[in-house]
Amino acid sequence: MTHPDDLLADYVDGDLGERERAEVEAHLATCERCGADVRSARLARDGLASVPPVEAPAGLTEEILGAVDREPRTHEAPVVEVFGGRPRKSSRPTAWLGAVAAAAAIVIGVFVFNGLSGSSSQTGAASDARAAGGAELAAPAGGSGTTSANGVVLQPGHDYDEAGIERLAAAAAAGRLPVPQTSLAPSDEAAAVTSCLTKGAQLRGDEQPIELIQATFDGKPADLGVYRVPGSNGGPERIVVWVVSSRDCSVLSFTQHLLQS
Amino acid sequence: MSLAGGADDGALARRAADGDSEAFAELVRRHQGRVYSIALRMTGREEDALDAAQDAFVSAYRKLSSFRGDSAFTTWLHRVTVNATYDLLRKRARAPEPVADVPETAGISHEEDPAGRMAEQLEVREALALVPEDYRAVLVLRDMEDLPIEEVAEILGLPVGTVKSRCHRARVALGRILAGETERGRASEASEGTTKP
């Protein structure tokens, strides 16, 4: 049995029938990872449930109706996107929306790798990476089974698991990617992997990965995307790793690692 | 109360699409609380939540003619809200921040260890700000707004199975942060280490 993430959500919610619950419990008895995950998930669920309801501020109705009043009365043609696909606003000709889109064009840039390697040696993440076996991932291009082709790092013999992607994130935080991104050129292959990650992980599509990897995750063919994500005001940036299935782009895993800014 | 008060959402939406501003105002009054709540929990900032709630209703107003009534109005509106909030976060290009003020809320009791409880809630909000937006959306809709998984799937435009898996992964990610197993711990270690010799 592979890790039954969809059943585990229902299990934590107490929504499983007798038979499925027995199946999940049998799996939990032998799978340390899922056992730990269920404990984490319960902690999160209980924590979220403890947050009190939000009370809307006074005058909200007037603020909203005022904003609506300032809009010219121009109904759009029926918008199919409302019910189909990702809830993402397509670009529209309206000026203020154009300004939003322009402001949103965040370019993280493929050259951040250079910045990373220069600054990360002082971070806790960097020492973690070394302690956690980052050296294994620090092998330059040509390390065992690692080749790069057309912008995607191919690691056909490398099977990642949860711990593996955490090491990858830590290694990326320490500026030690399997292949320095600067040696990878944009290509159709990279675009295909990026598209699968964008679809599966529900990314916005404008993120620039600092590494794209094809390998396996828990034995399943997988695409891995390593991203550098801005932090909150003045807070640390993060390295985020998404793992999606190469077959159907579904999310297999995710992890992140903070960088000290 | 106006005549609009007794009508169902679908009827109000049709009237609003035909230019009945009182019908639209009634929809705002009915649903602004949940819209604001989703926006606040997604963005983590009251100022951003206010902007996102306004954007959501402006967007809903512009799209009213595309509301076909084959889904609950609230599901459609929540989808527009999540959409507006994602756009706002993109515009801000920054991660959300934990909400500083815990609003006074009727019906919530803090009598046992109120300080500890407040600290726990703040910690949850801080941790929530660290998970990616797409995980946060599922956690906000499912575990904070307490919406059924099927409705969350419809709001996000994803298959139910995908939402269940994502919900689990998102909870695990948040739980690890809360337990100090991931970057929260590392972050504090790192910041303490900034003034090292």
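Buried residues make up 49% of the 261 residues in chain A. The exercises below concern a predicted model.

**Exercise 1. Describe chain A as a whole: its secondary structure elements, its contacts and its surface.**

Step 1. Count the elements. Chain A holds ten helices and six strands.

Step 2. Look at the contacts. Among those between residues at least 6 apart in sequence, 61% join residues at least 24 apart.

Step 3. Turn to the surface. Chain A has an accessible surface of about 11,600 Å². Carbon and sulfur atoms account for 54% of that area.

**Exercise 2. Find the disulfide of the structure, and state its handedness and what it ties together.**

Step 1. Over all chains there is one disulfide. Its partners are C196(A) and C249(A), with their sulfur atoms 2.0 Å apart. The cut-off for a disulfide is a sulfur pair within 2.5 Å, and the 2.0 Å of this pair satisfies it.

Step 2. Place the two cysteines. C196(A) belongs to helix α10 (residues 188–200) of chain A, while C249(A) sits in the loop between β5 (238–245) and β6, so the bond ties together parts that are 53 residues apart in sequence.

Step 3. Read the torsion. About the S-S bond it is about -115 degrees, so the disulfide is left-handed.

Step 4. Check burial, for which the limit is under 20% relative accessible area. C196(A) is buried at 6%, and C249(A) is buried at 12%.

Step 5. Check the backbone of C249(A). Its phi is positive, about 65 degrees, although C249(A) is not a glycine. As general background, most residues other than glycine have a negative phi.

**Exercise 3. Explain why C31(A) and C34(A) are not joined by a bond.**

Step 1. Take the distance. The cysteine sulfur closest to that of C31(A) is in C34(A), 3.6 Å away.

Step 2. Reverse the search. Starting from C34(A), the closest cysteine sulfur is in C31(A), again at 3.6 Å.

Step 3. Compare with the cut-off. A disulfide needs the sulfur atoms within 2.5 Å, so the separation of 3.6 Å is too far for a bond.

Step 4. Add the accessibility. C31(A) counts as buried at 10%, and C34(A) counts as buried at 0%.

**Exercise 4. Characterise the largest pocket and one of the residues closest to its centre, D5(A).**

Step 1. Give the volume, which is about 370 Å³. The lining consists of 17 residues, and those closest to the centre are D5(A), K220(A), V251(A), L252(A) and S165(B).

Step 2. Assign the lining to elements. At least two residues each come from α1 (5–13) and β6 (251–258) of chain A and from α8 (160–178) of chain B. The largest share, five residues, is supplied by α8(B).

Step 3. Sort the lining by class. Seven residues are charged, six are polar and four are nonpolar.

Step 4. Examine D5(A). This residue lies in helix α1 of chain A and is buried, with a relative accessible area of 10%. Leaving out residues up to four places away in sequence, D5(A) touches R33(A) in its own chain, and K164(B), S165(B), H168(B) and R169(B) in chain B.

**Exercise 5. Decide whether helix α7 (residues 149–156) of chain B is enclosed or open, and describe both of its ends.**

Step 1. Count the buried residues. Six of the eight residues of α7(B) are buried, so the helix is largely enclosed by the rest of the structure. They are I149(B), E151(B), V152(B), A153(B), I155(B) and L156(B).

Step 2. Identify the cover. The elements over these buried residues include α4 (73–92), α6 (133–144) and α8 of chain B.

Step 3. Look past the end of the helix. G157(B) follows α7(B) and has a positive phi, near 70 degrees.

Step 4. Look ahead of the helix. In the loop between α6 and α7 of chain B lies D146(B), which has a positive phi of about 60 degrees although it is not a glycine. At 61% relative accessibility, D146(B) counts as exposed.

**Exercise 6. State where S37(B) lies and what it touches.**

Step 1. S37(B) is part of helix α2 (residues 21–43) of chain B.

Step 2. With a relative accessible area of 4%, S37(B) is buried.

Step 3. Not counting residues up to four places away in sequence, S37(B) touches V54(A) and E145(B).

Note on methods
Residues are numbered from 1 along each chain as its sequence is written. Chains are lettered from A and ligands numbered from 1 in the order in which they are written. This is a predicted model: local features need pLDDT of at least 70, side-chain atom pairs count only at pLDDT 80 or more; totals for chains, interfaces and linings use all residues. Side-chain values use heavy atoms; hydrogens and water are left out. On a 1 Å grid over the protein atoms alone, a cavity is a set of points where a 1.4 Å probe fits but cannot get out, and a pocket is an open set with protein on both sides within 12 Å along at least five of seven lines; lining residues have an atom within 4 Å of a point. Grid points are joined across faces, edges and corners, and a volume is the space filled by probe spheres set on the points. Helices (H or I, at least four residues) and strands (E, at least two) are DSSP runs, numbered from the N terminus. Ala, Val, Leu, Ile, Met, Phe, Trp, Tyr, Cys and Pro count as nonpolar, Asp, Glu, Lys and Arg as charged, and the others, Gly among them, as polar. Buried means under 20% relative accessible area, exposed over 50%, partly exposed in between (1.4 Å probe, protein chains only). Contact means heavy atoms within 4.5 Å. Accessible areas come from the Shrake-Rupley method with a 1.4 Å probe; for residues, only the protein chains shown count as cover.
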